[in-house]
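Colleague: I am new to this one and would rather get to know a single part well than skim everything. Could you pick one and take a close look at it with me?

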Amino acid sequence: MRPEPDPNPSDPATRLAEVFGQVGAGPDGLSSSEAESRLARYGPNAIVETRRSPWLAFLGYFWGPIPWMIEIADLLSMAVGHWTDAGIITALLVFNAVVGFWQEHKAGSAIEALRSKLALRARVRRDGRWQEVDATRVVPGDVIRVRLGDVVPADVVLFGDGYLTVDQSALTGESMPVARGPGDDAFSGSVVKQGEMAGVVTATGARTFFGRTARLVSEAGKPSHFQRAVLEIGDYLIYLCVALVTVLVLVQLGRGEHWLTLLQFALILAVASVPVAMPAVLSVTLAVGALKLSKLKAIVSRLEAIEEMAGMDVLCSDKTGTLTENRLTVGDPAPLGAPGPGDLLRWAALASREEDADPIDTAVIRAAGGADAVKGYERRSFVPFDPVGKRTEARVKAPDGALVAVTKGAPQVVLALCEPDPDLEARARETIDRFAADGYRTLAVAVAGEDGAWRFQGLVPLFDPPRADAADTIRDASRHRIRVKMITGDNLAIARQTARQLGLGGDVRSADAAGDPGAVEAAEGFAEVFPEHKFAIVQALQDRGHIVGMTGDGVNDAPALKQADVGVAVAGATDAARAAADLVLTAPGLSVILRAVEEARRIFERMNSYAVYRITETIRIMFFVVLAMVFFNFYPINAIMIILLAFLNDVPIMTIAYDNTRLDPEPVRWDMRRVITVATAMGAVGVAGSFGMLLLARDWLHLSVPQIQTYVFLKMAVAGHLVLFVARTRGHFWEKPYPAPAMIWSAVVTKCLATLVAAYGFGLVTPITWPDIGLIWAYSVVSAVATDAVKVWVLRHRDLSSPRHSRFLAVVRRAVTPHAAWTRGGA
């Protein structure tokens, strides 16, 4: 059984006796045979990961309704000898699988990065002597020794003489190194900054504090709103297509149509209508967006995170190193005995030693003015800080030749050393309490002359200052309707002071509140948190319907980064944090995140436009073709024309990835009610327009069936791309933002090709005259204007939350939801 951590034991001897009893060992360590026995029982001191076969992971992208439909179409195309169709379909299917597999592979590297942080070698006492072994072979009960620069290889309880100062900021988020002495815990993965001590191992591998963090990373995961939206759209179109093709087949077989001809046409119609290219188009849109984000110093490691970022409404930010500089700074000193702040800081600097690289000493020396502040003073001796004495002391020769002693350290220790008069002590304690309430850590400074009497000089506050751009970034986030919550391992007073400096407000709560979803949603931040708390906070917010972003830079942030909808590793983050994150910042500060959010919202608009367009096109083509065959008993368009339409409309649609879009001031999410309603209305107008063209060609112009088919083909080709221009905006299509040049030129080129095919045939269609072509173009433009008017009316006047509409959408959702578990491969 693992001993419970007790970082501040009241009786170190008692705790050590308990710990040695629980692990079944003594101060002399284990024998080699016992160590081997325990290694077999507890396993190696490493993070064990259950690996999934890469081949199985890759093949998973070929499983689900969308890939099944595409695969069946592919096989049938091969069966009837349509090899070109089969090649295009196969290429789209494989492309989507490769993109998805690569992103999953990169996200899975978090565990490897965590494993690499473990110490490689450890000094252990076995068989009565010290020896070096691989850190993976350390077992509970081993006695190890750590010193300056070592990475602690396992969770240990320290014992014996000496002390340690350890940096565990990457594990706990504490901004300052912590002192550890006999009976204290030192966690696996923390780094020794000062001192040397022995310790007995209490936990190894996945059972350590570090290992629990790694296990949280491996268990963390979140559903992708992007995948769910793609699958819902895809399933809706598939079922619509299957229903209409079934009607077509039954009617035409009843009329005596040859089954092979009908099968070929139904197959091609289905492939043209099913969103074969949809995953690829959306993936390319995301990939182009990721390239733009990289130019903003934000590297995307999971493409779907771009869409999640567009909808992010809560940003949980780690404090240390993210909102603050992770650099101790001296505040306004309080000289209570010294003549002024400069004199106080000079005495504090004389009691510091720069070469020790101690964060407190470094901050004091920097605040005093560096080496110039102590010029003329000669240090004769120096006693570094230790957890027992809790102070440093230096004996120096002043410029006037006088010998003085200088000390700095814990206020209660220095006050006891000086024995000041009651008035001075009262003022000192009042100042200490005020600094503590403001979240400062406080040092006291005293000087002793040749008489040996210590005289109290004053107090020096220390804090980790906010980043220069942090407060502005938080205000900008609020303007983008993103709420920022601060998460830190520091104590409550420090957290509240930092929150006030950042403009977050004072509602910062302790980690105990992380289990209350209501408190998590209401609080501005949390203090004294561990990785489990960060993980729970993110989950609680997700359970309340929020799309959550999480920023961080340390190992302790990795589980929450992976669980969050958008995990952001800030500049300078550890390998583990970068590997677990969806977005890695390469420039300091959080302002990059907001620029990335703006770009993500534009990317989302592009994907939303394509979704509306794709549903509209499926309805426009499928309903028209099937109904025309049912009521008029002839093919209004032939198989070759359908293939040409698929090429002319779907291949150039890739340019939507470069489109100019509006910037939504609010977080955006997939609103399937709006998408399906608008697309259905636009599709209905398109069906009516196609029937109008058919009747115009048949009953007014009295054209032959092949000419009617060419009329319908050109109308669908011209109107098809115009539908994209209509779908890309929420206002009228002639309003800003205007389409990108790439979209305009792709429309011009493809429509010119369609027009030339209609004019000259090229053995593919029956040619028609140029006046006919002019009529079709004019008709298509008028049809596009009508479609745009209906779209604007639906968006502005239709109540999409009405009970009747909600019931309709509920029927659609029930039709597609049962298959959600099968559809992973389609995204």
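**A close look at helix H2**

Modeller: Happily! Let us begin on the outside: Ser33, Ala40 and Arg41 are exposed on the other side of H2, facing away from the buried residues that we will come to shortly. Exposed means over 50% relative accessible area, buried under 20%, and partly exposed in between (1.4 Å probe, protein chains only). Please keep in mind that this is a predicted model, in which local features need pLDDT of at least 70 and side-chain atom pairs count only at pLDDT 80 or more, while totals for chains, interfaces and linings use all residues. Residues are numbered from 1 along each chain as its sequence is written, and side-chain values use heavy atoms, with hydrogens and water left out.

H2 covers residues 32-42, and its buried residues are Ala35, Arg38 and Leu39. Seen down the helix axis, they fall within an arc of 105°, so they line one face of H2; the arc is that of the directions from the axis to the C-beta atoms. Helices (H or I, at least four residues) and strands (E, at least two) are DSSP runs, numbered from the N terminus.

What do the buried residues of H2 pack against? Their partners are helix H1 (12-23) and strand E1 (121-126). Just after H2 comes Gly43, with a positive phi near 85°.

Arg126 gives us a view from strand E1, where this residue has its place. Arg126 has a relative accessible area of 5%, and is therefore buried. Apart from neighbours within four places in sequence, its contacts (heavy atoms within 4.5 Å) include Ser32 and Ala35, as well as Leu30 and Val139.

Back in H2, the side chains of Arg38 and Glu34 form a salt bridge, at 2.7 Å from N to O. A salt bridge here is a side-chain nitrogen of Lys or Arg within 4 Å of a carboxyl oxygen of Asp or Glu. Arg38 and Glu34 are four residues apart in H2, which means that about one helical turn separates them. An α-helix has 3.6 residues a turn, so residues three or four places apart point the same way. Arg38 counts as buried because its relative accessibility is 6%, whereas Glu34, with a relative accessible area of 27%, is partly exposed. For context, a search of the whole structure finds 36 salt bridges.
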